Every structure is written in structure tokens, then in C-alpha cells.
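Here are my notes on the model you sent over. I've kept them as numbered points so you can follow along with the structure open.

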Amino acid sequence: MNATASGESESRSLFLTLVRFRELSILIFILLLIVAVAIKAPAFLTAENFLIILLNISILVIVALGQMMVIITRGIDLSVSSMVGLVAMMVSFTVVAFPAVSPPLAILLGMFLGAILGSFNGVIITAGKVPPIIATLGTLSIYRGMVFLYSGGTWINSFEMPDSYRALAKAAPLGAPNIILFAVTVALLVFLFLNYTRPGRDIYAVGSNPEAANVAGIPVQRTIFMVYVISGLLSGLAAVLWASRFESAQTNTALGFELQTVAACVVGGVNIFGGSGTVMGVILGAFLLGTIENALILVRISPFWQLAAQGLLILIAVIVDSAIRRRLEQLSGTGETA
Amino acid sequence: MDNSTPVIRMEHIHKSFGGVHALNDVQISVYAGEVHALLGENGAGKSTLIKTMTGVYQPDSGEIYLYGEPVRFSGPREAQQQGIGAIYQEPSLFPDLDIAENIVAGRQPTRAGRVDWRAMYREAEELLGQLGVDLNPHTKARNLSVAQQQTVEIARALSLNAKLLIMDEPTSSLTLTEVEELFRIIRQLRASGTAIIFISHRLEELFQVADRVTILRDGQYVGTREMSGVKTEELIEMMVGRQVNELFPKEVAPRGELRLQVQNLSAPGKFEDVSFELRAGEILGLAGLIGAGRTDVARALFGILPVKSGSIFVDGRPVTIGSPQQAMDLGMGFVPEDRQHHGLVLPMSIATNITLPILPHFVKFGWLQDRQAKQAAAAAARRLEVKCSSIDQKAKELSGGNQQKVVLAKWLETNPRILILDEPTRGIDVGTKAAVHQLMSDLANEGVAILMISSELPEILGMSDRILVMREGRITGEFLRGEATQEKIMAAAVAAKRTPAPIGAGNES
């Protein structure tokens with residue numbers, strides 16, 4: 001037993017080093033990118049530009065953290081973009097019609113509406129036994145369709161919005177723009193939730209082994225329902241910030257955004273087959289995506305190539321990541337069972 | 001067993017599924033400090049009985065008493081709370097979570113609403129210490145061996161204050177040393193008054209660890225015996241309802257021409273310098289501990305694992321085997337150890353599985369002749385007596401023994417001249433086992449050369465004409481049928497130079 005035990009702890013410490021390296025690898029990738037871009041475009045390495053990147057990824061971080069919890073339970077929420085679009089439209093119409101609705105109230109309203117939309121997803125998936133990818137593919141279209149029905153094809157412009165609503169995302173009474181503070185707060189709360197509450201730990205357990213979770217008395221269906229509600233709630237919050245930041249609510253708001261949230265998760269090391277994923281990973285993933293987008297503009301890569309280059313960099317990041325993971329499993333001697 | 005009230009007593013338990021009687025008037029009583037074996041062929045109702053104990057199923061009728069009090073479990077959670085813990089064949093841990101959290105999953109200690117990680121690790125360390133195992137509670141379950149995972153499951157059951165611990169074939173994928181370690185833990189639990197139900201197909205294990213045994217057959221209670229006063233033959237007779245005279249019916253087949261010759265084969269890190277010959281009509285047993293490199297040799301012969309040096313001759317001609325397709329073209333067949341992962345496509349039908357390697361035979365003008373393929377599959381399934389509702393039934397719905405028959409049928413359809421069998425009877429019941437052994441003997445008589453890897457010494461001794469023993473990637477012994485004994489084989493498998501440890505003493509260095 002002694003021999004196996006010491007070999008065991010050896011492979012454990014190696015494992016831990018590599019796990020840290022896993023998140024480190026994204027960080028290194030980001031640093032390399034920053035150096036490379038900074039050489040070509042000095043404007044890149046300025047505090048202003050850094051702030052722009054943070055502003056750009058704040059909303060992504062908020063929605064991607066919800067997406068992460070869904071993915072950890074072996075699901076996926078493709079409807080986040082339509083939830084953002086629909087909630088942005090509904091809340092914007094509300095504040096335009098009732099300017100008395102204060103920004104905090106608008107935020108609460110957005111989160112409430114988002115949670116309701118998310119709970120529909122949850123019901124379809126848990127009670128209706130529809131696979132998450134199909135259920136949310138359906139609601140992706142349904143919620144987007146509801147944007148058109150609700151708005152009648154019109155949109156809300158900047159000049160229609162109350163000043164307080166427009167300032168919601170951008171004002172910086174606490175030093176940094178609110179939108180960044182929202183993202184930081186959400187990240188902190190999600191971190192505490194996932195690591196220090198039982199329902200949070202249940203999310204990992206359910207994704208890691210659903211049958212075992214059931215036997216251990218973990219409320220599997222309730223946990224799955226919950227992550228879709230949270231994903232909706234965070235999408236609702238993001239929707240209000242989105243409308244405020246871009247000072248408009250349009251029928252195509254956040255169109256295609258769901259793929260960015262999935263990309264942020266995957267690049268951030270969230271296992272697409274469930275069971276693992278960290279808040280730090282997703283933040284780094286979102287930051288890498290934001291940096292790539294920003295850098296491609298600054299080094300004046302043609303817009304035609306931007307999407308392709310973005311996709312290529314994502315693939316490289318994921319391939320490197322999975323290569324590391326494979327190596328790691330070989331080293332820990334569990335390659336066959338994992 | 002001084003306690004006169006059994007921890008659990010079940011009487012007249014009935015349970016049917018869609019008209020099929022899975023349990024028909026079954027009874028069992030287990031006392032504190034007793035290891036009670038549950039024995040029966042696959043499909044005898046052992047699993048169903050266990051699931052009625054753990055609250056997964058509710059019996060249609062019958063009574064369950066815990067310490068004399070009638071109980072009824074609405075679900076697994078309630079049974080757990082009443083002190084019934086179960087460890088299943090497949091460890092059901094959370095691979096992404098660490099040991100400590102696996103032990104307390106679903107009921108982590110909290111302080112002021114926060115999960116108290118420090119208390120969690122403390123509790124885990126205490127439990128693992130009680131069991132006398134040296135595991136770091138921070139290790140992710142993903143990185144544990146099956147034996148270590150079982151230990152974690154036992155720790156989980158203990159943390160639930162289990163009065164009754166059910167172990168469903170816990171030894172089926174453990175090495176000898178690990179089995180000894182498990183038995184040490186079982187004996188320790190028994191001494192501390194835990195009631196244990198132990199299921200295993202390996203009768204010799206029951207004699208080592210069990211106090212009493214209850215036998216089920218076709219969902220019915222056959223009887224309960226004291227292990228000390230019962231013989232193997234009697235147990236087998238009670239299980240199968242008939243006398244099985246010869247467990248290992250290998251007949252002496254005429255040794256034919258040389259089929260396979262392996263010279264100095266090496267795959268660094270896996271095995272070194274392996275040489276042997278295999279003749280038509282011969283069964284060559286490959287013995288050794290799990291991890292000795294036996295499966296790797298088989299995988300190398302079948303072109304799955306690349307070799308670095310050495311040569312292989314088939315029918316006297318030198319060959320290089322770079323892929324399973326090449327191996328099959330040379331007339332080789334390989335029945336892998338892990339039939340669920342490598343031997344079967346579980347969601348597909350029996351017929352599809354059987355015809356998978358010979359599908360090109362049924363193709364005309366680029367189109368698959370479905371009917372012919374099915375007829376061939378049906379004939380093969382009949383030959384091996386696969387118990388199924390139809391050959392369109394999905395492989396995953398079959399019992400372990402029948403799955404193994406399907407894998408065998410699949411490879412027999414290729415008419416192999418050299419057949420490699422890796423643990424051909426692991427985890428299958430005595431009746432099916434005898435059928436598989438009979439089949440191997442028949443094949444040898446027909447002139448097939450068979451290489452059989454097995455970790456069960458009685459099987460190796462009974463079936464092999466010749467026995468090779470491997471240890472740490474090298475061949476450390478070769479014995480003819482007449483001269484081989486369990487002691488000689490174990491000595492070669494465990495340590496070459498040191499005095500051989502008697503079987504059962506364990507090898508804990």
C-alpha cells in the first residue's frame with residue numbers, strides 16, 4: 001500500500017501543477033498575444049484600450065458564467081442570446097413608457113423576466129425530458145420571435161431612453177464603470193455559490209455522474225432546473241446592461257451571442273461533457289476572446305478575415321488545451337478510464 | 001452473530017416486472033458482525049433483491065424488518081438514512097470531485113450556511129484512517145484505481161453510519177493484492193459489528209471471507225448454509241439446479257502444426273522480450289497479476305499496440321501486424337477483456353454486433369444484403385445459446401454472460417484460426433461459464449489455436465494445455481498442464497527471486 005500511496009501523491013502533485021498550468025496556459029496565450037500585438041500597434045498597450053476590452057467582455061462574462069453552470073451539468077443553453085434580446089426590448093419599452101422606473105428597478109425587472117424565460121427552458125428539459133440542445137434551440141427561435149411580436153418590428157433609440165437608464169452601464173460612481181463592477185460582482189457571487197454552497201456543489205456532482213448524484217440523494221432534476229433559471233436570470237441582467245451600454249434595443253440585439261458564451265466557456269477550460277469548469281477559467285476565456293477581437297481591429301486585419309482569425313485562434317486554444325489534458329491523463333495513469 | 005435480532009430480515013418478498021417474476025417468495029436474514037454471501041447465476045434475482053433492500057425498488061409484497069421493526073423504503077435516500085449502504089460493481093463516484101467531497105456528496109458539512117471544507121477534509125481523513133488506508137482526501141476520484149474507488153465508497157457508507165453494507169461483486173476487477181486489502185477491510189468492519197452482504201462469482205472468495213451464504217435461483221430462495229459446512233459442489237448444484245460435474249471440460253486435442261510463433265517481442269514500457277509458440281488445437285493459458293502486461297501482448301498481437309522489436313510468425317511465415325484488419329486477414333480473432341467498451345456496440349442490436357466484422361461478406365454491388373446478414377447472425381446466436389427475445393434486441397439489454405456470448409459469436413463468425421481471449425469468463429455466471437469453456441474446448445478440437453488470458457487460477461489450470469506466466473512485462477514461467485499448480489503459478493506471477501508468498505497472504509510492498 002505504501003508504494004501505491006507515494007506514487008499516488010506524486011502523481012497528485014504533478015496533476016495539481018498541470019491543472020494550474022491549464023488556466024495558466026490561457027494566461028500565457030493572452031500574454032503572447034498582447035506582446036505580439038503591442039509590437040505592431042502600440043496603441044494596444046494603453047490603459048484606455050485595456051478598459052475598452054474590459055467593457056467589451058463584461059456582458060460576455062456575466063452570460064458565460066450562467067452558460068458555464070449549465071454546461072457543468074452536461075447541458076447547454078443556446079437561448080441566452082434571444083433571452084438577452086427579448087429582455088432588453090421589454091425592459092427598454094418599460095422604461096420609455098414609464099420613465100419613473102429607476103435603473104435599479106429596471107435591473108430587477110430584467111433579472112425577473114430572464115429568470116422566467118430560463119425557467120421555461122428548465123421545465124422543458126426536466127419535466128419534458130427534451131435534450132437541452134434541442135430545447136434551447138427551440139426557445140432560441142421562440143424568444144427571438146417574441147422580440148418581433150413584442151416590438152412589432154420597431155426599436156428603441158438612444159434619444160428615447162431616460163438619461164439615468166443610459167448612464168446605468170457607463171457611469172462610474174465607484175471609480176470603475178458600473179458594467180465592470182456588475183461583472184466582477186457576478187463573478188464573485190458565482191464563485192462563492194459554486195464553491196461554498198451545497199446547491200453549488202450539487203451542480204458539479206450532477207454533471208460529474210448523474211446516476212451517482214441520484215443515489216447520493218442529490219435533487220438532480222431540481223439542480224438542472226436551477227441552472228437554467230440562473231442562466232436566464234444572468235441573461236436578463238446582461239440584457240439591461242446591453243440596452244444601456246449600446247443605448248438601443250433592437251430586434252437583432254445579441255443575435256449570435258450564444259456562440260460567444262459557449263466559446264468563452266470552452267476556451268476557459270470548461271469541460272463540454274460536464275463535471276468541471278471554474279469561474280477564473282471562464283473569465284480568462286472571455287478575456288482572451290475580447291483581446292483577440294480588439295487586437296484584430298488594432299492591427300487592421302480586414303473585417304473579412306476577422307471572424308476567421310477569431311475562430312482559428314479559438315481552435316488553437318482549445319486544441320492546445322485538450323493536448324494538455326490528454327498528456328495529463330496519461331501522466332496520472334487514468335487515460336483509459338477517463 | 002451473538003445478537004439474536006437480525007439487522008435485516010426479509011420475508012416472502014415478491015417482485016415482478018411486466019409479468020416476469022424477478023423475485024418469488026425470497027427470504028434472507030443478516031446479523032450484525034456477519035458476512036453473508038448472496039449467490040446465484042446472473043438473472044437469479046440477486047440484484048433485484050439488493051435493490052429492494054436499498055429502496056431502489058419497492059417489493060410487490062413481503063416484509064422487510066430492520067432490527068425487528070417493519071420498514072418500507074420510499075427511495076434510496078431513506079434506506080441510506082436507516083443505515084443501509086451499498087457498493088455496486090461499477091463504482092459510482094464523481095470523477096471530477098475529490099475524495100473528501102465524494103464521501104459527503106449531497107450532505108457536505110456546513111457552517112453558517114457555508115460549505116465547511118476544512119471539516120470535510122478532517123472527516124475524510126478520520127474515515128480513511130479508520131479503514132487503515134493511506135489516501136489523500138484531496139485526490140480527484142478520476143485518478144483512483146478501482147480498488148481505491150471502492151475504498152472511498154466504503155468510507156462513504158461508513159460516514160452514513162451504515163449498519164448493513166451491501167457489496168455487489170466488489171472483487172470482479174481487483175488484483176489479488178487489492179482483493180486481500182478489501183478482505184482486510186471487510187473483516188475489520190465485521191469485527192466492529194457491521195452486517196455485510198457480499199456478492200461474488202468467485203466461490204473461493206466466499207470461502208475466504210463469508211460466514212453464511214444464501215442461494216437464489218430463477219428468482220426463488222434455494223437455501224442458506226454455513227460456509228464452514230458446505231462444499232463447492234453443493235453450492236454449484238444449488239445455484240444451477242443440476243450437477244455440474246466438470247467445471248473445466250478441456251479435452252485433450254491433438255496438437256497440430258505451428259500456428260503462431262512470437263520471438264523476442266518488445267513494446268517498451270509494456271512488455272519485454274516475449275517469446276512463445278502456439279499450435280493448432282492448443283489452449284495456451286497466460287497467467288499473471290493484473291498489470292503484468294498480458295493484455296498488452298494480446299493487443300500487440302492484434303495490431304492495436306505498436307511493438308518496437310521482435311518478430312511474429314503465422315503459419316511459419318514472418319508477418320507484421322499493424323492494424324486489427326491485418327490481424328483478421330491473417331485469421332486472428334480477439335475477444336477483449338472489457339466487452340462493454342471494446343467488444344460490443346451496446347446501443348446496436350445483437351445481429352448488428354455479430355455481423356460487424358464480416359459485414360463485407362454480405363455486400364453485393366455496394367448494397368448490404370440485410371436479410372442474409374441477419375440469418376447468419378441468428379444461426380450464430382443459436383449456436384452459442386444467447387438468451388434473448390430476438391436478435392434485434394439491443395446488446396445493452398443483455399446480461400453480462402449473454403453479452404460475452406455475443407462477443408464470442410461475433411468473432412467465431414470470422415472463422416478465426418488463432419483466437420485470443422482476454423478474461424473470457426470474468427463476471428459471468430457458472431452456467432454460462434461452463435458453456436464458454438465447452439465452446440473453447442470444441443474450438444480447440446476443431447483445430448483453432450487459442451491464447452487465453454485469465455486471472456482465475458482454476459480456469460487457467462483447468463483449461464490450458466500449457467501455461468505461461470507473466471510478471472512486470474516479462475514471461476517468468478512456463479508449465480505443462482500436468483506439472484502446473486496454483487503455488488507454482490503464483491510464485492512465478494508474484495516474485496521470481498524471493499520465496500513465493502502463499503496465496504492469500506497479500507503482497508503489500
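1. First, a word on terms: a residue counts as buried if 20 or more other C-beta atoms lie within 10 Å of its own, and as exposed if 12 or fewer do. By that yardstick, 45% of the 338 residues of chain A are buried. Do keep in mind that this is a predicted model.

2. Chain A is easy to describe by its secondary structure: it has 13 helices and zero strands. Read along the sequence, the pattern is therefore just α-α-α-α-α-α-α-α-α-α-α-α-α. As for how the chain folds back on itself, take the contacts with a separation of 6 or more: 79% of them in chain A join residues 24 or more positions apart.

3. Now the core. The largest nonpolar core has 247 residues, and the ones touching the most other members are Ile62(A), Val84(A), Val282(A) and Ile450(B). Helix α10 of chain A (residues 220-246) gives the most to this core, with 15 residues. As background, nonpolar side chains in soluble globular proteins tend to be buried together.

4. Val282(A) deserves a click. What is Val282(A) in contact with, leaving aside its neighbours within four places in sequence? The list is Val61(A), Ala64(A), Leu65(A), Met68(A), Ala264(A), Cys265(A), Gly268(A), Val270(A) and Gly277(A).

5. On to chain B, which is divided into three stretches of interest: domain 1 (8-93 + 144-240), domain 2 (246-331 + 416-509) and domain 3 (341-415). The C-alpha centres of domains 2 and 3 of chain B lie 26 Å apart. Where these two domains of chain B meet, 11 residues of domain 2 are in contact with 11 residues of domain 3. On the domain 2 side, helix α15 of chain B (residues 430-445) supplies the largest share, four residues. That same side of domain 2 of chain B comprises eight nonpolar, two polar and one charged residues.

6. Have a look at the sheet in chain B. Six strands form an open sheet with mixed pairing, in the order β18-β21-β22-β15-β23-β24. At the edges stand β18 (332-335) and β24 (474-480) of chain B; each has a single partner strand, so one side of each is left without a neighbour in the sheet. From one strand to the next, the twist averages 20°.

7. Within that sheet, β15 (residues 283-288) and β22 (residues 449-453) of chain B run parallel and are joined by four bridges. For a specific pair, Leu284(B) has Leu451(B) in β22(B) as its bridge partner. Helix α15(B) packs on the sheet, where it touches β15, β21 (418-422) and β22 of chain B. The direction of α15(B) makes about 150° with that of β22(B).

8. Finally, two backbone spots to check. Arg74(A) has a phi near 75°, a positive value in a residue other than glycine. You'll find Arg74(A) in the loop between α2 (47-72) and α3 (80-97) of chain A. Is Arg74(A) buried, exposed or partly exposed? Arg74(A) has 17 other C-beta atoms within 10 Å, so it is partly exposed.

9. Asn415(B) also has a positive phi, about 50°, although it is not a glycine. Asn415(B) sits in the loop between α14 (400-412) and β21 of chain B. With 11 other C-beta atoms within 10 Å, Asn415(B) is exposed.

Conventions:
Residues are numbered from 1 along each chain as its sequence is written. Chains are lettered from A and ligands numbered from 1 in the order in which they are written. This is a predicted model: local features need pLDDT of at least 70, side-chain atom pairs count only at pLDDT 80 or more; totals for chains, interfaces and linings use all residues. Two residues are in contact if their C-beta atoms, placed from the backbone, lie within 7 Å. Domain bounds come from an automatic or database domain assignment. Ala, Val, Leu, Ile, Met, Phe, Trp, Tyr, Cys and Pro count as nonpolar, Asp, Glu, Lys and Arg as charged, and the others, Gly among them, as polar. A nonpolar core is a set of buried Ala, Val, Leu, Ile, Met, Phe, Trp, Tyr and Cys residues joined through C-beta atoms within 7 Å. Two strands pair if DSSP finds at least two bridges between them. Axes are lines fitted to C-alpha atoms, for helices over the stretch in contact, and angles run from 0 to 180 degrees between N-to-C directions.
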